[in-house]
Amino acid sequence: MDKNTLINKTYELFSEFGKPLRCTIHDDCLECDDHEAVLRGLDRETLAGSDFGTAGYTPLWNMTAEAIAYFLPRIIELALFGLIKILILKNTSLVTTETLQMLMPKALIIFG
């Protein structure tokens with residue numbers, strides 16, 4: 001499967017996930033408030049690699065399951081074209097079990 005086919009399939013499969021009202025998981029965190037403001041001002045199509053900041057200051061670690069599901073097609077697209085680098089370090093969880101349970105059926109369809 002080529003990159004464009006994979007990207008198009010991912011957008012199609014995740015189209016049922018609308019933009020959530022809340023994009024980050026914490027209410028009492030200044031960093032999360034910053035990330036929330038950035039993510040709420042974006043949609044799938046306008047999310048850019050620069051919106052992910054750095055490995056130490058990125059919204060990815062604090063995004064809700066719903067926000068990850070909504071933005072995932074764009075995250076995959078950016079990663080495939082080298083516009084972001086997603087690092088998952090050993091013994092570091094990028095997503096919660098809840099997120100994995102929500103996303104796994106879609107991932108199986110894509111990568112099946």
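**Exercise 1.** Determine which residues Leu39 touches, not counting residues up to four places away in sequence.

*Solution.* This is a predicted model, in which local features need pLDDT (the predictor's confidence in each residue, from 0 to 100) of at least 70, side-chain atom pairs count only at pLDDT 80 or more, and totals for chains, interfaces and linings use all residues. Residues are numbered from 1 along each chain as its sequence is written, and side-chain values use heavy atoms, with hydrogens and water left out. Taking contact as heavy atoms within 4.5 Å, Leu39 touches Lys19, Cys23, Thr24, Leu47, Pro59, Met63 and Phe71. Next, Leu39 is listed with Leu47, Phe52, Met63, Phe71 and Ile75 as having the most contacts inside the largest nonpolar core, which has 20 residues; such a core is a set of buried (under 20% relative accessible area, 1.4 Å probe, protein chains only) Ala, Val, Leu, Ile, Met, Phe, Trp, Tyr and Cys residues joined through side-chain atoms within 4.5 Å. The largest share of this core, 9 residues, comes from helix H3 (residues 65-80), helices being DSSP runs of H or I with at least four residues, numbered from the N terminus.

**Exercise 2.** Establish whether His35 is buried or exposed, and what its side chain reaches.

*Solution.* His35 lies in helix H2 (residues 30-40) and is buried, its relative accessible area being 4%. Its side chain reaches the backbone oxygen of Thr58 at 3.4 Å. Beyond neighbours within four places in sequence, the contacts of His35 are Thr24, Tyr57, Thr58, Pro59 and Asn62.

Conventions: Buried means under 20% relative accessible area, exposed over 50%, partly exposed in between (1.4 Å probe, protein chains only). Helices (H or I, at least four residues) and strands (E, at least two) are DSSP runs, numbered from the N terminus. A polar contact is a pair of N or O atoms within 3.5 Å; within protein, one must be able to donate a hydrogen and the other to accept it, and residues adjacent in sequence count only if both atoms are side-chain atoms.
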